[in-house]
Amino acid sequence: MLSVSSYPKNYVDACRVKVAAQLASYRKLLAAKPAGIDVFERPFFNHMILALDYYFMHRSRNMEGKDGNPLNEVRMLCNAILENDDRLGADKTIRYKPETSILQFKAGDEIRLKADDFARLSAAFFDEIEKKYR
């Protein structure tokens, strides 16, 4: 498939709504304080990162850039989850700086997201998609 250089506003908005609905469902579940929620949280949000990336998986890497932006951060997190046992690895193609990233993970850190982490990252990710792919 060819890379995608733009996404219609209605598609981006629909993806935002889906992600927000998942986050709201999780927060409702969390409010009920079920036993074992802490065991569920990590795999749930790791998979939400994968889903977030999948919505835009054919995005043009040239347009995405390599400056450590939120799109790069999500890409690196997906690689960590899928290929590195949930530990962030270095990516020689991305100028990633933990101190300027959304979640500030360093190489070797275990990917353990909480609801607020995912909310911040997904908001920044969607903002970057809208900025670069419209």
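Let's start at the lining of the largest pocket in this predicted model: by class, this lining is made up of six charged, five nonpolar and four polar residues. The pocket has a volume of about 200 Å³. Of its 15 lining residues, Arg61, Glu64, Arg75, Asn79 and Asp91 lie nearest the centre.

Which helices build this wall? Helix 2 (37–55), helix 3 (61–64) and helix 4 (70–83) each supply at least two residues of the lining. Helix 4 gives the largest share, with five residues.

From the pocket, follow helix 2 and check its geometry. Its 19 residues, at 1.5 Å each, should span 27 Å, and because the end C-alpha atoms are 26 Å apart, the expectation and the model agree.

Helix 2 also has a buried side to explore. Its buried residues are Ile37, Glu41, Phe44, Phe45, Asn46, Met48, Ile49, Leu50, Leu52 and Asp53. What covers them includes helix 1, helix 4 and helix 5.

Two of these residues take us into the largest nonpolar core. This core has 35 residues, and Phe45 and Ile49 are those with the most contacts inside it. Helix 1 (9–31), helix 2, helix 4 and helix 5 (115–132) are the elements that give two or more residues to this core. In soluble globular proteins, nonpolar side chains tend to be buried together.

What does Ile49 touch, leaving aside its neighbours within four places in sequence? Its contacts are Val74, Leu77, Cys78, Ile81, Leu113, Phe118 and Leu121.

Note on methods. Residues are numbered from 1 along each chain as its sequence is written. This is a predicted model: local features need pLDDT of at least 70, side-chain atom pairs count only at pLDDT 80 or more; totals for chains, interfaces and linings use all residues. Side-chain values use heavy atoms; hydrogens and water are left out. On a 1 Å grid over the protein atoms alone, a cavity is a set of points where a 1.4 Å probe fits but cannot get out, and a pocket is an open set with protein on both sides within 12 Å along at least five of seven lines; lining residues have an atom within 4 Å of a point. Grid points are joined across faces, edges and corners, and a volume is the space filled by probe spheres set on the points. Helices (H or I, at least four residues) and strands (E, at least two) are DSSP runs, numbered from the N terminus. Ala, Val, Leu, Ile, Met, Phe, Trp, Tyr, Cys and Pro count as nonpolar, Asp, Glu, Lys and Arg as charged, and the others, Gly among them, as polar. A nonpolar core is a set of buried Ala, Val, Leu, Ile, Met, Phe, Trp, Tyr and Cys residues joined through side-chain atoms within 4.5 Å. Buried means under 20% relative accessible area, exposed over 50%, partly exposed in between (1.4 Å probe, protein chains only). Contact means heavy atoms within 4.5 Å. The expected span of a helix is 1.5 Å times one less than its number of residues.
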